Amino acid sequence: MTAVSTDVSVVDPRKAARAGHLPGESSMWFFVIGDLLIFAFYFVVYMYYRGENHQVFLDSQAKLNTDIGAINTVVLLTSSLFVALGTWAVRTGKTRDAYRLLCLAWACGAAFPVLKAFEYIPEVVAGITPGTNLFFMFYFVMTGMHLCHVFLGLVILYFVVRNVGSGRPRISLVETGATYWHMVDLLWIVLFALLYLMR
């Protein structure tokens, strides 16, 4: 029989939702909001310079590998779905299900940097670098910053998975990790739309 901590047993997901429960630690929300504001600033600056250099940005966008970008979007969305399902499983005391779901979330997340490498390497080999033009400066800086967030998210998810695998999961730790991971997903969706799709 799987042991479940009292931290899990006292959390009724329906009651928490009705009470306006804020998932995770407040310090993580402070970090997430600050991070979103920083990226929002980059997005605004990007849009300004895009308006000033529209044709250059369009021509540069055509050199991106949209297929890999789309696959990475699906990978992160799937990972976030597994994180959400895993968090719900922890809240309802289904620790073994939560462990499997969070392992799947980590595996999907780990696929992101691998796919990103398959995108970056041909670009660099072709001579495309941050110094190529303004578009690629934004592209490498913003996707590079996001990739750093993915690596940090994978570290956080590792500790979440390990905690759940112990059989005594701390719901606050799981929710805190989920909050960060969903932010990483959200940032990529905006980046994919701005860098790959917008015309």
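**View 1. The protein chain runs α-α-α-α-α-α-α-α along its sequence.** In this predicted model, local features need pLDDT of at least 70 and side-chain atom pairs count only at pLDDT 80 or more, while totals for chains, interfaces and linings use all residues. Residues are numbered from 1 along each chain as its sequence is written, and side-chain values use heavy atoms, leaving out hydrogens and water. You will find 8 helices and 0 strands here; these are DSSP runs numbered from the N terminus, with helices (H or I) of at least four residues and strands (E) of at least two. Of the 199 residues, 44% count as buried, where buried means under 20% relative accessible area, exposed over 50%, and partly exposed in between (1.4 Å probe, protein chains only).

**View 2. Here is helix 7, residues 134-165.** Its 32 residues reach 46 Å from first C-alpha to last, close to the 46 Å expected at 1.5 Å a residue; the expected span is 1.5 Å times one less than the number of residues. At the N-terminal end, Asn133 acts as a cap, with a side-chain oxygen 3.0 Å from the backbone nitrogen of Phe135. Just after the helix comes Gly167, with a positive phi of about 90°.

**View 3. Meet Phe57, a residue of helix 4 (residues 54-61).** Phe57 counts as buried because its relative accessibility is 0%. Leaving aside residues up to four places away in sequence, Phe57 touches Tyr46, Tyr49, Arg50, Leu134, Phe135 and Phe138; a contact means heavy atoms within 4.5 Å. The helix 7 cap, Asn133, is 76 residues from Phe57 in sequence, yet their C-alpha atoms are 8.8 Å apart in space.

**View 4. Now look into the largest nonpolar core, with 52 residues.** Such a core is a set of buried Ala, Val, Leu, Ile, Met, Phe, Trp, Tyr and Cys residues joined through side-chain atoms within 4.5 Å. Tyr46, Phe135, Tyr139 and Leu195 touch the most other members. At least two core residues come from each of helix 3 (26-52), helix 5 (66-91), helix 6 (95-125), helix 7 and helix 8 (171-197). Beyond four places in sequence, the partners of Tyr46 include Phe57, Met142 and Leu194.

**View 5. Two cysteines to compare are Cys103 and Cys148.** Cys103 is partly exposed, at 28% relative accessible area, whereas Cys148 is exposed, at 53%. Searching the whole structure gives 0 disulfides, a disulfide being a pair of cysteine sulfur atoms within 2.5 Å.

Note on methods. Polar contact = N/O pair within 3.5 Å; in protein donor to acceptor, adjacent residues only side chain to side chain.
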